[in-house]
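Work through these exercises with the structure open beside you. Try each task before you read its solution.

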Amino acid sequence: MNTKLDAFESQIEDSASLYKPISSEKRNLIDSIIDEARKTKNINIRISEYDLDRLRDKSVSEGLPYQTLISSILHKYVTNQLVEEQTILKSIQMLKATQG
């Protein structure tokens, strides 16, 4: 059977020779980092009904379970990836002012 590859799959196959094997020590280190990142812990948290209702509404519009959305928000916060809308708007205004 001859399977037709799409462009992305062809690119992977064409560049396969560029990949180099890693040592088992390095592979174990990578695996341990991945395992650590996948660990989860259940917590209980008190949150206002109003905020929880808004989170649930947002999760529906995002197509995510609300607990996944909460986890994502917390992850973005602790990794400094959560940015306030006002900060973005202020940055855009500053850029426009320097270009204008």
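## Exercise 1: A serine in a helix

Ser59 is buried, with a relative accessible area of 5%. This comes from a predicted model.

**Task.** Find the helix that holds Ser59, and find which backbone oxygen lies 2.7 Å from a polar atom of its side chain.

**Solution.**
- Step 1. Locate the residue. Ser59 sits in helix 3, which covers residues 49–62.
- Step 2. Check the burial. Buried means under 20% relative accessible area. Ser59 has 5%, so it counts as buried.
- Step 3. Look for a partner. The backbone oxygen of Arg56 is 2.7 Å from a polar side-chain atom of Ser59.

## Exercise 2: A serine in a loop

**Task.** Decide whether Ser15 is buried or exposed, and name the residue whose backbone oxygen lies 3.0 Å from its side chain.

**Solution.**
- Step 1. Ser15 belongs to the loop between helix 1 and helix 2.
- Step 2. Its relative accessibility is 17%. The cut-off for buried is under 20%, so Ser15 counts as buried.
- Step 3. The partner is Gln11: its backbone oxygen lies 3.0 Å from a polar atom of the Ser15 side chain.

## Exercise 3: The start of helix 1

**Task.** Work out which residue caps the N-terminal end of helix 1, and which charged patch that residue belongs to.

**Solution.**
- Step 1. Place the helix. Helix 1 runs over 7–14, and Asp6 is in the segment before it.
- Step 2. Find the cap. A side-chain oxygen of Asp6 lies 3.1 Å from the backbone nitrogen of Phe8, and Asp6 caps the N-terminal end of helix 1.
- Step 3. Check the exposure. Asp6 has a relative accessible area of 41%, which makes it partly exposed.
- Step 4. Look at the whole helix. Helix 1 has 8 residues and 0 of them are buried, so the helix lies largely in the open.
- Step 5. Collect the charges. Asp6 joins Glu9, Glu13 and Asp14 in a surface patch of negative charge.

## Exercise 4: Salt bridges

**Task.** State how many salt bridges the structure holds. Then describe each pair.

**Solution.**
- Step 1. The count is 3 salt bridges.
- Step 2. Take helix 2, residues 24–38. Asp31 and Arg27 both lie there, 4 residues apart, about one turn of the helix. Their side chains meet at 3.3 Å, N to O. Asp31 is partly exposed at 27%. Arg27 is partly exposed too, at 45%.
- Step 3. Take helix 3. Asp57 and Arg54 both lie in it, 3 residues apart, about one turn. Their salt bridge spans 3.5 Å, N to O. Asp57 is partly exposed, with a relative accessible area of 46%. Arg54 also counts as partly exposed, at 33%.
- Step 4. Ask about the spacing. An α-helix has 3.6 residues a turn, so residues three or four places apart point the same way.
- Step 5. Add the remaining pair. Glu36 and Lys39 join their side chains in a salt bridge of 3.5 Å, N to O. Both residues are exposed.

## Exercise 5: A nonpolar patch

**Task.** Identify which residues make the nonpolar surface patch of about 410 Å². Then place Tyr77 and Leu82.

**Solution.**
- Step 1. The patch is made by Ile73, Tyr77, Val78 and Leu82.
- Step 2. Tyr77 is part of helix 4. It is exposed, with a relative accessible area of 58%.
- Step 3. Leu82 is in the loop between helix 4 and helix 5. It counts as partly exposed, at 43% relative accessibility.
- Step 4. Compare sequence with space. Leu82 and Ser72 are 10 residues apart in sequence, and their C-alpha atoms are 9.7 Å apart.

## Exercise 6: Two loop residues

**Task.** Find what is notable about the phi of Asn80. Then say where Arg46 lies.

**Solution.**
- Step 1. Asn80 lies in the loop between helix 4 (66–78) and helix 5 (85–99).
- Step 2. Its phi is near 55 degrees, a positive value in a residue other than glycine. Most residues other than glycine have a negative phi.
- Step 3. Asn80 is exposed, at 71% relative accessible area.
- Step 4. Arg46 lies in the loop between helix 2 and helix 3. Its relative accessible area is 84%, so Arg46 is exposed.
- Step 5. Now measure across the chain. Arg46 and Ser71 are 25 residues apart along the chain, and 15 Å separates their C-alpha atoms.

Notes
Residues are numbered from 1 along each chain as its sequence is written. This is a predicted model: local features need pLDDT of at least 70, side-chain atom pairs count only at pLDDT 80 or more; totals for chains, interfaces and linings use all residues. Side-chain values use heavy atoms; hydrogens and water are left out. Patches are made of residues with over 30% relative accessible area and no salt bridge: like charges are joined within 9 Å, nonpolar side chains (Val, Leu, Ile, Met, Phe, Trp, Tyr) within 5 Å. Accessible areas come from the Shrake-Rupley method with a 1.4 Å probe; for residues, only the protein chains shown count as cover. A salt bridge is a side-chain nitrogen of Lys or Arg within 4 Å of a carboxyl oxygen of Asp or Glu. Lys and Arg count as positive and Asp and Glu as negative; His and the chain ends are not counted. The place of a charge is taken as NZ of Lys, CZ of Arg, CG of Asp or CD of Glu. Buried means under 20% relative accessible area, exposed over 50%, partly exposed in between (1.4 Å probe, protein chains only). A polar contact is a pair of N or O atoms within 3.5 Å; within protein, one must be able to donate a hydrogen and the other to accept it, and residues adjacent in sequence count only if both atoms are side-chain atoms.
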